[in-house]
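Subject: Structure handover

Hi,

Here is the structure I said I would pass on. Have a look at it first, and then read on for what turned up in it.

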Amino acid sequence: SLFLLSKMPPRDDKNNNTTPRSESSTSTINDGNLSPLATSELTVVSSVRLGTQSTVLVRPHPNEPAFVQCESPQPYATPPSAKLVNQTLNLNLGQSWLLAPERNKLLLWIIKFLNNLLVSWWEGAAMQAWDQLPISWRRALCLTLWKWYLPLHKRILGRSTGIHRDASLEYHAMTTVMYWGRFFPVSVQRMRFSLSQLNIWCQEPLQAAHVETIRDQETALQGLGDPLLVIPQCQRNHTTVKGKFIYRNGPDQPTEWTLMWIYGGAFLSGDVDGNLTKADLISRKINMDVFLAEYRLVPEYDADDISFDMTLAYRWLCQRRQNPRKILLLGISSGASVCTRMLQYMAEKQRGQPLIPSYLGPLVDASAMPAGAILMGPFVDFTQPQGALVEYPKHDLIVNQRVLETGLPYLDTHVPDRTAYSPVHRSFEGLPPLCVVVSEHEAVYDMSVTLVNRARADGVDCTLAVWKYMCHVFSFLDAFIPEGRQSVEFVCEWIRHRKQQQQQGRRQG
């Protein structure tokens, strides 16, 4: 692929009429008029400074990418037309039409046919065999291949394959590797396998003092009276809270604060084990125990089942740790949607509103609002796709066209009411402080900005951090790209700041 791309003629159109091969050349793509913020007019700072109620451009190092940090209570700039933005980007690895899946229908059909004929029958066994290898071997292989590949890409292709030259060289290299996924069929099995491998995308192995496997059927039901009168028939076989608990210092020395981790995966995939190493990384940085709760997935179950599982899991955590004001939530992609709805359930019950589904009412404690929540690439709008969710999968490395083909139909069959169940279309009144991390060029950008603006309009303290030219949940690529590492550090800094705010408020009280 490296050789072929280096020999292909570069993209040549009105927006990019220069060959971007030299490392020292400047950007040939001008999207300044389409960027929601004129970043050239922002104050540039060298480190994250929270609590200033301002919007700044953070550039930790002159050679690193910059990102926007917005704490202003005012609405964030409305995203421009995603279709127009795409016209300014270096799509299809710099080959304007040759590598565009939507223009190669025959090629897609051939790949799908060959996949069904030659691959599908043995891939399950191959996945199982791979999982039998020690995780240390899999991680070492992954990181070693990247170590060899990156300088090769730098020498041959440089910054010519990513959607913009201002993205890091590492992200250009990652684009060249991951772009090809949009040509291959995506199944639920493949999605689940892929997300189960996130634990090898880390520079360091699991380092927690102790990891406890949770299988508890009693704690979460305490104080509810007779479960038969509270839990509906459809959920009575699913009252066991499942997950894993990362202890930073051991079970006998719990940390003062706890982070509840809600993984993503389009409601179709994702699991605790795949997120364990990444959760441990953040746990080390912020010195907090982490609870990773397991929930049932679509298509075997539906949206109500997911809400029931996570509401029960949060109730369990509050019973175990006693003080919800020392709990923070972290949700990723669809997990951020689940996270937001949990907060909205508590606020809605406090206002006396009926919950959806209604049988969650007895499980929700309106007084158990956590200290805050981090939403990473939140997928929070289940209505008809538009804007970024339609256009940006053309270059998003995670949410590409094949992923949408597989995932979107389930919104019709497994979400009872796509508008009512969309967190972005419900009230944010009464929610705790939020931190939203997103890319300006990822598939959920529009809905993320809408969430921020509606939360601010309802009086919620909402911090927004925006990177440019990144894919969906790019934070999970922190072992490979500087933008991912920056976003992880930003999240950790926000958590530290939130803890400090709580402590100051308690002293003043």
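A quick word on terms before the details: a residue counts as buried when its relative accessible area is under 20%, as exposed when that is over 50%, and as partly exposed in between. Do keep in mind that this is a predicted model.

By that cut-off, Trp316 is buried, with a relative accessible area of 0%. Its ring partner Phe291 also comes out as buried, at 0%. The two rings make a tilted aromatic pair, with 4.7 Å from centre to centre and 40 degrees between the planes. What I like here is the wiring: Phe291 belongs to strand β7 (residues 289-293) and Trp316 to helix α9 (residues 303-321), so the pair ties together parts that are 25 residues apart in sequence.

That pair has company, as the structure holds 21 aromatic pairs. Take Tyr179 and Trp180: their ring centres are 6.0 Å apart and their planes meet at 85 degrees, so this pair is edge-to-face. As for burial, Tyr179 is buried at 2% relative accessibility, whereas Trp180 has a relative accessible area of 26% and is therefore partly exposed. There is also an aromatic cluster made up of Phe67, Trp467, Phe474 and Phe490.

Two arginines are worth a click as well. Arg320 has its charged end over the ring of Phe245, at 5.2 Å from the ring centre. Arg296 lies over the face of Tyr301, and there the distance to the ring centre is 5.0 Å.

Now for the whole protein. It has 15 helices and 11 strands, and its C-alpha trace spans about 70 × 55 × 45 Å along the principal axes. How does the radius of gyration fit a compact globule? For 509 residues such a globule would have a radius near 23 Å, and the protein has 23 Å, so the two agree.

Burial and contacts round this off. Of the 509 residues, 57% are buried. Among contacts with a separation of 6 or more, 78% are between residues 24 or more positions apart. On the outside, the protein exposes about 21,700 Å², and carbon and sulfur atoms supply 54% of that area.

If you only open one spot, I would start with Phe291 and Trp316, the tilted pair.

Cheers

Technical notes. Residues numbered from 1 in each chain as written. Predicted model: local features only at pLDDT ≥ 70, side-chain atom pairs only at ≥ 80, totals over all residues. Heavy atoms only, no water. Phe/Tyr/Trp six-rings, centres within 6.5 Å; stacked < 30°, edge-to-face > 60°. Buried < 20%, exposed > 50% of the residue type's maximum accessible area, 1.4 Å probe, protein only. Helix = DSSP H or I, 4+ residues; strand = E, 2+ residues; numbered from the N terminus. Lys NZ or Arg CZ within 6 Å of the ring centre and 35° of its normal. Rg over C-alpha atoms; globule rule 2.2 N^0.38 Å. Contact = heavy atoms within 4.5 Å. Areas by Shrake-Rupley, 256 points an atom, 1.4 Å probe, with all protein chains shown as cover.
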